[in-house]
Structures are given as structure tokens and as C-alpha cells.
Amino acid sequence: MEKNHPAYETDALIAEDIDAYLEGHQNKSLLRFITCGSVDDGKSTLIGRLLYDSKMIFEDQLASLEADSARHGTQGEEIDFALLVDGLAAEREQGITIDVAYRFFTTEKRKFIVADTPGHEQYTRNMVTGASTADLAVILVDARKGVLQQTRRHSFLVHLLGIKHVVLAVNKMDLVDYSQETFDAILADYTDFAKEVGIEAFTPIPISGFKGDNITSSPSANTPWYDGPSLIDHLESVELSSTVAQEASFRMPVQWVNRPNLDFRGFAGQIASGTVKPGDTVRVVPSGKTSAVKCIATFDGDLSEAVAGQSVTLTLADEVDCSRGDVIAAGDNPPEASDQFSSTLVWMDETAMKPGRGYWLKIGSQTVTATVQPPKYEIDVNSLDHLAAKTLELNSIGVAEFATDKPIVFEPYSQSKGLGGFILIDKFTNATVAAGMIEFSLRRAQNVHWQATTITRDDHASLKNQKPRVLWFTGLSGSGKSTIANEVEKQLALMNRHTFLLDGDNVRHGLNKDLGFTETDRIENIRRIGEVARLMADAGLIVLTAFISPFRAERQMVREMIPEGEFIEIFVDTPLEVAESRDVKGLYKKARSGELQNFTGIDSPYEAPEDPEIRVNTVDMTPLEAAEYIIAQILPLK
Amino acid sequence: MTLLTHLQRLEAESIHILREVVAEAENPVMLYSVGKDSAVMLHLARKAFYPAPPPFPLLHVDTTWKFQDMYALRDSMAEKIGMKLLVWHNEEAEERGINPFDHGPLHTDMWKTQGLKQALDHYGFDAAFGGARRDEEKSRAKERVFSFRTSSHSWNPKDQRPELWNLYNARKNKGESIRVFPLSNWTELDIWQYIMAENIEIVPLYFAAERPTFEWEGGLFMADDIDRLERVMGKKPEITMKSVRFRTLGCFPLTGAVESTASTLSEVVQETLLTSTSERQGRVIDKDAGGAGMEKKKQEGYF
């Protein structure tokens, strides 16, 4: 029996009693969901239908829709709902959606935000983006085609992003004569796959986005055999993830410290989980200081309680040190901090992952430098097989370990999206290159203390009567780095200074003999040299390093390891033609003939320093003149 | 268990976005157009930083053709909240006497698009809040909350950063800027409901009243400044007093009035819900260049 569904019957109330209508609207909840499907599964048509049925289309839009339908439409004389949602001009011409678009509609009980994401193969990144904020996923399957590779991929991604509610919408039932047999076969197929992926439960619904069957009411006259809810019924009744998050322990990443005057010091943030009341004991992590909540201050007066999802400002009873990046948490159950993790990564940039390179990592309100290890494996999203991989390319997903330069407060993603989901940002292009989900910490950072020693760094330096420095020579092969560095060291020795010269070729014979010349190995080479240089500087030495070190990002990484003011970047600026004409070691010749691969300047890039502390021009200066010039720049030595 | 309503969730999200920009940008500004969306955005900013006033100035990119009521509310709000108000006039447009009657789309381009770029460059703002919503228009539906502009202020829809969870990447190179839309996920009805619930002051022009109107190129407009109209149009327009209100507010000769008797907030919302013309239709801007008008304007730097 088809029941008369009240989802959209509000027009009468608007006209008769607007205040009653608004009152009802005022207290609706909000559900965010994502629709995933392959090209031609009828995804845009379904969303267009939801907007259309909920009267979210106005007459003028309808008129332009009718005109557009005639021009671009694929549904003959009928209205092509898909045109309502296919947005940008270029896409409209191609007939596919290529980005994430957000749509809004309302029913009697709820407001909805739909993330419309493309089903096209190369756009995994968009789907992951849309899924990250969704409470529920609608996975569309074309009844004529059944479960496809792409259905499997979408389901895997939905599970990966931790979406708990999954709807299997078997669409275009009108094109298979509403056959129960077809529906049951697809259901059986998908059940097997869902288990394999890890999806524990899902809700299958036979629909027709085009004709409207089982969208707002069920069962449709065409599917008398179906006894489940309509799509809207289901969307209106599932539990929201923000409500579920209230049951977990209290956590609020501090976004901003509000100090309008000396009497007020508030910590502003959006509550990631749990609830908070004045008087609650809280702990500021990672410092571990405890205090009590004094008040929850808002524009509308102090609150007696705040819950997960709300943006609030807390004041504490004590003067504790707390700033952006810290997390205020339940006193009896604070989250951990660590600096080494295993995580799942979704690569989102055209430039592949560079293991060993430092990226900005943003999690909650914390931003740190993270160094990612080569992936343990890549996941084939179609077969779920684990593949060996040295890097991750655009749209690939893998499991990798990473280390951060300081401990971060976290929770596994499966427990908290707010403290377990992160993004990686390229330090030079500033692009968001990856999204990640923390699986677990590889160790408890608090258990690995830095060994406190009695003789300090400053003691070492003052015994040697000098200020430690790292003189970092960079330039092309044959530019004269080693020659000049050697000359500088000689002169420093004459001045009774304690030095050590780390030279490229020498280090590669020992410490780094396991490394080759690929981009990844070059990065690791520099990282190790940076660490050695840092230890030597801690011992009070003036360290000279002579390495091509072609990438800005790695030189920056070393700069950040060394105390401020002690890292001196020296650009040995020799044009390629000059260096190549010198060719002391005969390497350029080999590289030109193809005998040597990945040679800087020939088939591997050299990124010149933009703002080095010192620049020497070896065309106009002899090595001795260059060395004297450098010494003059770093005086005084103490 | 407290169930947050949709307005509470939208409010929390917008406040999070506002704070994130203030924490990460060097020199943020709020674009203030004095319309109802601007009013809501400003209200949210007051909540986000309470008890401090919002720690950035308001910028009004003015065309000199706004309604008098808008200028009045603009000045009184800035004073009441204690925020610095910056008003920008494109000098070139002023010198050349660019106006909506003689210059059509050039008026919007010179005063608004070029004026905005000039103001942002002049003050060196690296982040600008705008009140645009995704439900307004098709190409807006795909815009990010943090929208990156090159140093020449252009927008490339193919090269936008993915936004996951509530993590926003606000990093940028020198010269680049971000437009930030804290109201991205609000709908028009949400805006009205929030104005009612929070008792937010908006320009009286949204409510119906007897006003002097004239007809021009098939539309109904309000004669906000009759002398100026006469100078520009070359003749005095024929004025009729009518009970009208406005669904959106822009330059008075570009913003069509609708005949209405809705004089309270709930009547306005009622009319909005029952009406069958979408919000931006009152504005002439979207109709140039067919369906892709707004997208084209954004690539050129329009907000």
C-alpha cells in the first residue's frame, strides 16, 4: 500500500500560519550526505529530483531548466533534472560533473546538505573530500549494470572515511521493469562485497530517480514486493554522527586565544567530542596541566553546558599555559601525544609523494612538519589487493608511516575524525597534497625522553671559544663547493677554530653508501647529513658541508633542524655551462651520453636558493677570494 | 544528549571558519555590502570573537549608487560595534562618471570588480570574508569555503584545494590572497530564520513601505535620489508611489523592487517562500553571458 508521505506538504502551512511553519523549521536537525555513482548511474538526476520535489527550484530556474533541457538534455521531451546540478560551463559541455558540489534541500523533519561527487575514474580525491563531512553515503547502482568496479571503489572509500550509514540505491528500476529478481541479485552481489570491504550494515532501496519510485514514499505501486523505507524516510531517521560524538570524552582543539583585556583570557575552539560544563576538570595537552572550566562565555551569555559540534570560548580557573594547537580535554581521560604514526594516505596532487621530504601536516588546530616514509603498500581500490609501492601518485591510496618534528595530540581516526584526520601541505606550492587518517601511534612519544646531559650545548661551544655554525654550501656539480669549503676550513684552522668538513663523496662512501641518486634517496641523503651536522654543531663545531643539495625543500628542512641564526646557506653560483666545461670528474660527459641518470642540471632539476645568506660567484672570484669573502661575512666567530 | 538544530550547526561552522582565518591570515578584512547576508556574517563575527570586537576592519566597496538607507545602516553598525570601516571608491570610475544607466555591465566591472581589486591591493589584505552562499547560483555550489586567487585576483575553477573535514589550508605565497565564505552552507531560508532568531538589524528596504518608484527597461525601481536620476537619465523619471520592498540590495538603479505589503519579518519570509522567482533574479548581473554569467565574472575577479 502506498502511503501518503508528508515529506514536502508544507506549502499550505506557509500560507496559513507562517509563524507555526517557522517554529517547526527552527528546530530541524541537519544531515550531510554524499552520493556516489558511476557516470550514467543517474546521480545528478536523483539529486535534481530531490531538489525538485522539495520545491527548491523556483519558476525562473525551472524555465531556464526547460530551455537547457532542450539544448543539452538527454531525456528527449522531458525535463532533464541532471541539468539542475551540473554546474560549471566546461562540465556542462562534457556532460559529466568533475568536482564536488554542495546542494541543499529540506523536508518536514530535516535539512540536508548533499555532496555531489563525480563517478569518473580519476577523481577519487573529490569523493574523499565530499565523504569527509558526510554522515551517510548513498551508493548508486544502475539496475541494468549491477555492481561494477566503481561501485566497489566507492564503497571502499566510504568505509575508509568512516561513514557509518550506507544506502545501496539500486536506480533505474523503471528500465528493468521493476524486477524483484534483478534487485535481489544485485543485493546478494553487494552483500558479499560489503563484507569484504568491512561495511557492517547497509540499507538497500530500489528506486527510480527519473520516475520518482521509492524516493519520497514506499512502496511504490511498481515495487509492491519492497517492504523497506523510502529514501527520504531513511534519510530523515538515521542518527547523526555529531550526536554520537557527544558520548565520547571531551576534546576541544584550541583555535585562538581571546585576550581583549587583562581580565579575560578565553580559549576559542569547536568542540570535537564530548560535552563540557563549568566546574569540569580539564587537562591541557600536550603540556598535561590541569585546571577547571570557569565559564563558557558566549555573546548570548554564559552557557551551562556545551556539546560536540559547538564553537565556544572557555575560560579556565587557573593561569595555565595554553595556545593555538593545544587541546583542552577531559581531565580523567585526555588524548595522547606522539610523534610517530601509521596512517592511511590518499594522495591528491599531480606531483607524487616524496618520501623523506618535510610537508606541513595540519590536524585540528596543530600544524607541524611531517616526514613521510615510503609507503608500506598501496591499496588497489578495485581489488583491495596490497601492492608494493615506492611512492603514491595522484588518486592512489596507501598505508605509510610518518614522523613529526614535535609531538601532536591525536586519536585514531576510527575514534575521532576531529583528532585523527589530517591534511598534508606542500611547503613550496602550498597545495593540499594529501588527506590522511591516523591508524595508531608507533610509540608513545612521552616514553622517549630526550636524554638530559650535564654538559650543555652552550658549554661545548664556550669551551671552544666559538659560536657553532653550519656552513651549508650548495651548487651544481663542478661549481667549486668542495674546493671553496676546503679553503674556508684551512683559514678557520689558522684562526684556531674547531671545524669539520662533511663532503658529498666522502659521506656517500660510509654513512650513506646504501643510498642511490633517485629523488627519494637524495632527500634521505640530505636528511642524514643534516642530522649529523646538527649533532656536530651541538658539540660546538663549525661544520662545513659541501653537497649539491638540489632541492629547496630539503635545505629548508635542515635549516629548521638547526638553531636560528646558525644555519648559513652559501650558494656557490656557477652557471651550468661553466661547471660543465670544467667537468673535473668527467660526470657531465657521462650524463650527456645517458650513461649517468638523474644528474643534477642535466636530467634532474637544481632549485637555486632564493635568499641565501651568502652568494659567491666563481666566475669572477678565485677559490681563495671566495673563501676570504665568506669568512668576512661570518665574522665575528664568537 | 543535546540535539543541535541546523541553525546551531551552521553557526558553529561559520564561527570556526572566521576564527581559523584570524588565526592564520596576516591581514584579514570583511567585505561588507550592507545586505542581509552581510548582516548575518557580521553578527557571526561578533559571536566568534566575543567579548573582543572582531579583530579586522570592514571594507565597503562602494559604487556611490547604493540606497541611502544602506549608507545609514553601514555607518551606524560600524560605530555601534566599534569596528573600523573602510570605504573604497574607484577613482577612475568616479572621474569617468561611470553609472548604471549609460554604461551597463561596465558599471559593475569598474566600480565593483576593479574597485575590489584596487582596495585589496591598496591595503594589502591577504584574506577577505565574503557573504556568498552556495545555494545562490550553480557555479557557487562548487566554490570552496577558502577560495584562492592569484596575485592578479583571478579564480581558476580547475585548480582549487580540496577541503576535508573542518581543516582549511590557508597557506599562500606572497601576493596571493584568499576569499573566504563563512556562509557557504547557508540557504536563503536559513539566513532569514537566523535574522529572526537572533533579532539582527537589517536595512528597512527589505520590508514593504510606500516608496517613490519608476519604471525603466521593463523593471520597477525606486527613485532613491531623484535629482541624481534626472541628471543621469536626462529627464525626470515618472514617479509613482507604491508599496514595495527589495529581495536583494545593490545599486538602486540595478535592483528591481517588488510590489509587496510584507512589512514584518515573518511576512517577508512567508512571501519569500511562496514566491516563485529565485533570489538573484532581481539583479541584472547574472543575465549577461547566459547561464554561465557568474562563473565568467568570478574568473575575472568579481566576488
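## Helix packing and salt bridges

Helices α1(B) and α2(B) are roughly perpendicular to each other, because their packing angle is about 70° and angles from 65 to 115 degrees are counted in that class. The structure described here is a predicted model, and the points below take up this helix pair before turning to the salt bridges, of which there are 43 over all chains.

**The helix pair in chain B**

- The axes of α1(B) and of helix α2, which covers residues 36-49 of chain B, lie 9 Å apart where the two helices pack.
- On the side of α1(B), the contact is made by B:Glu11, B:Ser14, B:Ile15, B:Leu18, B:Arg19 and B:Val22, while α2(B) contributes B:Leu44, B:Ala45, B:Lys47, B:Ala48 and B:Phe49.
- Sorted by character, the residues of this contact comprise 7 nonpolar, 1 polar and 3 charged.

**A salt bridge between two chains**

- Side chains of opposite charge can pair when their charged atoms come close.
- One such pair is formed by B:Glu13 and A:Arg32, whose side chains meet in a salt bridge with an N to O distance of 3.4 Å.
- This pair joins two chains, because B:Glu13 belongs to helix α1 (residues 6-24) of chain B, whereas A:Arg32 belongs to strand β1 (residues 29-36) of chain A.
- Both partners are buried, since the relative accessible area is 18% for B:Glu13 and 10% for A:Arg32, and buried means under 20%.

**Salt bridges within chain A**

- A:Glu236 and A:Lys109 form a salt bridge in which the closest N and O atoms are 3.9 Å apart.
- Because A:Glu236 sits in helix α10 (residues 231-237) and A:Lys109 in the loop between β2 (101-106) and β3 (110-116), this pair ties together parts of chain A that are 127 residues apart in sequence.
- The two partners have opposite settings, for A:Glu236 counts as buried at 7% relative accessibility, whereas A:Lys109 is exposed, with a relative accessible area of 53%.
- A further salt bridge connects A:Asp573 with A:Arg615, and here the closest N and O atoms are 3.1 Å apart.
- This pair links distant parts of the chain, 42 residues apart, with A:Asp573 in strand β27 (residues 567-573) and A:Arg615 in strand β28 (residues 614-617) of chain A.
- A:Asp573 is partly exposed, with a relative accessible area of 26%, and A:Arg615 is likewise partly exposed, with a value of 41%.
- Salt bridges with shared partners also join A:Asp142, A:Arg144, A:Lys145 and A:Lys172 into one network.

Definitions and conventions:
Residues are numbered from 1 along each chain as its sequence is written. Chains are lettered from A and ligands numbered from 1 in the order in which they are written. This is a predicted model: local features need pLDDT of at least 70, side-chain atom pairs count only at pLDDT 80 or more; totals for chains, interfaces and linings use all residues. Side-chain values use heavy atoms; hydrogens and water are left out. A salt bridge is a side-chain nitrogen of Lys or Arg within 4 Å of a carboxyl oxygen of Asp or Glu. Helices (H or I, at least four residues) and strands (E, at least two) are DSSP runs, numbered from the N terminus. Buried means under 20% relative accessible area, exposed over 50%, partly exposed in between (1.4 Å probe, protein chains only). Axes are lines fitted to C-alpha atoms, for helices over the stretch in contact, and angles run from 0 to 180 degrees between N-to-C directions. Angles under 35 degrees count as roughly parallel, over 145 as roughly antiparallel, 65 to 115 as roughly perpendicular and the rest as oblique. Contact means heavy atoms within 4.5 Å. Ala, Val, Leu, Ile, Met, Phe, Trp, Tyr, Cys and Pro count as nonpolar, Asp, Glu, Lys and Arg as charged, and the others, Gly among them, as polar.
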